[in-house]
Amino acid sequence: NDDVVKNQANPNFWASQSGDYAATRYSTLDQINTSNVADLKVAWTFSTGVLRGHEGSPLVIGDVMYLHTPFPNIVFALNLADEQKIIWKYEPKQDPSVIPVMCCDTVNRGLAYADGKIILQQADTNVVALDAKTGKELWKVANGDPKRGETATNTVLIVRDKVITAISGAEFGVRGYVTAYDLNTGKLAWRAYNIGPDNEILFDPNKTTSLGKPVGKDSSLKTWNGDQWKIGGGTLWGGWSYDPEADLFYYGSANPSTWNPSQRAGPDGKPIDQKWTMAIIARNPDTGVASWAYQMTPFDEWDYDGVNENILVDLDIKGQKTPALVHFDRNGFAYTLNRKNGELLVAEKFDPVVNWATGIDMDKASPNYGRPIRVAKYSTFRDGKGADFNTKGICPAALGSKDMQPASFSKLTGLFYVPTNHVCMDYEPFKVSYTSGQPYVGATLSMFPAPDSHGGMGNFIAWDASQGKIVWSKPEQFSVWSGALTTAGGVVFYGTLEGYFKAVDQKDGKELFKFKTPSGIISNAMTYTHGGKQYVGVMSGVGGWAGIGLAAGLTNPNDGLGAVGGYAGLKQYTNLGGTLTVFSL
Ligand code: PQQ
């Protein structure tokens, strides 16, 4: 979309959630830099009036900031040229019965802007186009049905005249799909499922490839037992990216449901891949047809969703300039692929404690090429025999070495800056039966800080994606559940679950600035200018999966899919909130 491209190229704006189509979250602004960032002061704040997890970030286009909230998904347009006055406010009417159908808090990953329209996807799956000037509703379309367990938390991707969006609900047996609507009318253009028959997943058996080979007929169907694919999960709710040159957009698919792998074994009782869950998929924005796909975790046994963002940069790999896609997976491996054809180039652990696999098989001649080399001891699959067996000490925990909080790529250093988790788990599957619209989880989890570590539950790291190596690692007390921002000022910004907004040096991770905001931070840092002056903003409002105990008032350690116990200590540091804090020099 020309308007999106033009706005993204304007460093004074923050025009899309990921900063640019390549999802680098890098800004060329440098007024705030390593030598003066310690002097940052609060310029202004804004209370959203909502007290659950605040994800995503505001957008800035010209003199207007567009701000969203978690459920009920209120949208504010604020006038930056006039005391941040509210120009308009949009408050959708949503049935609160959607709240308990959302797996991991009532979060929303933000708005999109194109051609004078603001696009919001509500928790109840309604996609709404608003007139950016007036807040007037232009069109609205239901992308799913919460009564079937379908909800929405993600932002949309706008390419040309297509609004591309997705559905959550793999913990409710939802069969994931990606849908494109017409930006001007809201009319459905195409829908592609991630699992099921070829004509529904829009995979061409001869042309769609995986690791360089055509996927063949029924590439998904033949990896499922009977018709389990119909309630098989593989939703998508993470980050988007788009390569205009290849004309492909990229996303990852979530876990197969249920979490009890024994219930998903093949007809012979053995593990079976459950394609195309846990995969990176590249599709054409006009038709939805898949160009290539790569599955990170075949036959998932740990809930290592593959939804994390795919960052598109050109990297020097083994002396060759390569159009790369870099992906930090929940399973603890960071993957570098060729984004044009899905060739696997690098796959290395980005947290040394990852123990469920020793590595990824990189031998092209091996029948297991591209697949994880598993460690039997950490398997949660017991051949259907001991479904109640509790597997102890698996690293990472289900929320992964990294969850949805986006990393950033700095054009200054050529490195990736990654918010990570340093958490392990015990995992006990149990038998579960499917009822439409009800949880279909099938495992009890407990989470705890990784052993033999610095005692914290997170690290903020710098990563070299050509080599597959950690450059530096800065320990954090809790998982870093906030998205990073890099700037040409040499600084990387992120937030912490305790509520600190931090600025560190891209070179060595040295902390240059911190400020305690009113609540824990799970949103993404952003920057813009107004009146020639650079601002940096972040929303606080604790929640998300890690903060679900606080957000939903849960206290049983196994509740919140195991996160309540793991993050119980958070309540000593922070409380619910919903505030935007904007800083300047
Ligand atoms: N959401 C968060 C968050 O916002 O903190 C973390 C997670 C989700 C997960 O770790 C999930 O596995 C997850 N899974 C689904 C799904 O499978 O459909 C949806 C969501 C979501 O929409 O927020 C999360």
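What follows is a dialogue in which a biologist asks how to read features of a predicted model and a modeller answers.

Biologist: Before looking at details, how many helices and strands does the chain have?

Modeller: The secondary structure of this predicted chain comes to four helices and 40 strands, and its C-alpha atoms fill a box of roughly 65 × 55 × 50 Å along the principal axes. Of the 585 residues in the chain, 66% are buried. If you take the contacts between residues at least 6 apart in sequence, 62% of them join residues at least 24 apart.

Biologist: Which residues is Thr34 in contact with, leaving aside its neighbours within four places in sequence?

Modeller: Thr34 lies in the loop between strand 1 (26-27) and strand 2 (41-47), and it touches Gly489, Gly490, Val491, Asp505 and Leu512 once those neighbours are set aside. With Leu512 in particular, the separation is 478 residues in sequence, while the C-alpha atoms are 7.3 Å apart in space. Thr34 counts as partly exposed because its relative accessible area is 32%, a value between the limits of 20% and 50%.

Biologist: How should I read the empty space inside a model, and how many cavities of 30 Å³ or more does this structure hold?

Modeller: The general idea is that a probe the size of a water molecule, rolled over the atoms, shows where empty space is left. In this structure there are three cavities of 30 Å³ or more, and the largest cavity contains about 400 Å³ of space. Its lining is made up of 28 residues, of which Gln17, Ser18, Thr155, Gly239 and Trp240 are the closest to its centre.

Biologist: Which helix and strands each supply at least two residues of that lining, and how do the lining residues of the largest cavity divide by class?

Modeller: Helix 1 (2-9), strand 7 (112-114) and strand 11 (157-159) each supply at least two residues to the lining of the largest cavity. By class, the lining of the largest cavity divides into 14 nonpolar, nine polar and five charged residues.

Biologist: What is the volume of the second largest cavity, and which residues are closest to its centre?

Modeller: The second largest cavity has a volume of about 250 Å³. Among the 23 residues that line it, Cys103, Cys104, Arg109, Thr153 and Trp237 are the closest to its centre. The lining of this second largest cavity has nine nonpolar, six polar and eight charged residues.

Biologist: Turning to the ligand, which residues come nearest to it?

Modeller: There are 20 residues around the ligand, and Glu55, Thr153, Ser168, Gly169 and Asp403 come nearest. Thr153 is also one of the residues closest to the centre of the second largest cavity.

Biologist: Which polar atoms of Ser168, Ala170 and Thr235 should I look at beside the ligand?

Modeller: For Ser168, look at the side chain, where a polar atom lies 2.7 Å from an oxygen atom of the ligand. For Ala170, look instead at the backbone, where a polar atom is 3.0 Å from a ligand oxygen. For Thr235, an N or O atom in the side chain is 2.8 Å from an oxygen atom of the ligand.

Biologist: Where in the chain are the cis peptide bonds at Pro72 and Pro396 placed?

Modeller: The cis bond between Phe71 and Pro72 has an omega of about 15 degrees, and Pro72 sits in the loop between strand 4 (64-68) and strand 5 (75-79). Cys395 and Pro396 are also joined by a cis peptide bond, with omega about 0 degrees, and Pro396 belongs to the loop between strand 27 (391-394) and strand 28 (408-409).

Biologist: Thr69 is found in the loop between strand 4 and strand 5, so why does Thr69 count as buried?

Modeller: Thr69 counts as buried because its relative accessibility is 0%, and the limit for that class is under 20%. The side chain of Thr69 reaches the backbone nitrogen of Ile74 at 3.0 Å. Beyond four places in sequence, Thr69 touches Thr48, Val50, Ile74, Phe76 and Asn108.

Biologist: Where do Asp115 and Leu211 lie, given that each has a positive phi although it is not a glycine?

Modeller: Asp115, with a phi of about 50 degrees, is in the loop between strand 7 and strand 8 (117-121). At 40% relative accessibility, Asp115 counts as partly exposed. Leu211 has a positive phi of about 50 degrees as well, and its place is the loop between strand 15 (209-210) and strand 16 (213-214).

Definitions and conventions:
Residues numbered from 1 in each chain as written. Predicted model: local features only at pLDDT ≥ 70, side-chain atom pairs only at ≥ 80, totals over all residues. Heavy atoms only, no water. 1 Å grid on protein atoms, 1.4 Å probe; cavity = no way out; pocket = protein on both sides within 12 Å on 5 of 7 lines; lining within 4 Å. Points joined across faces, edges and corners; volume = space filled by probe spheres on them. Nonpolar A, V, L, I, M, F, W, Y, C, P; charged D, E, K, R; others polar. Buried < 20%, exposed > 50% of the residue type's maximum accessible area, 1.4 Å probe, protein only. Polar contact = N/O pair within 3.5 Å; in protein donor to acceptor, adjacent residues only side chain to side chain. Contact = heavy atoms within 4.5 Å. Near = heavy atom within 4 Å.
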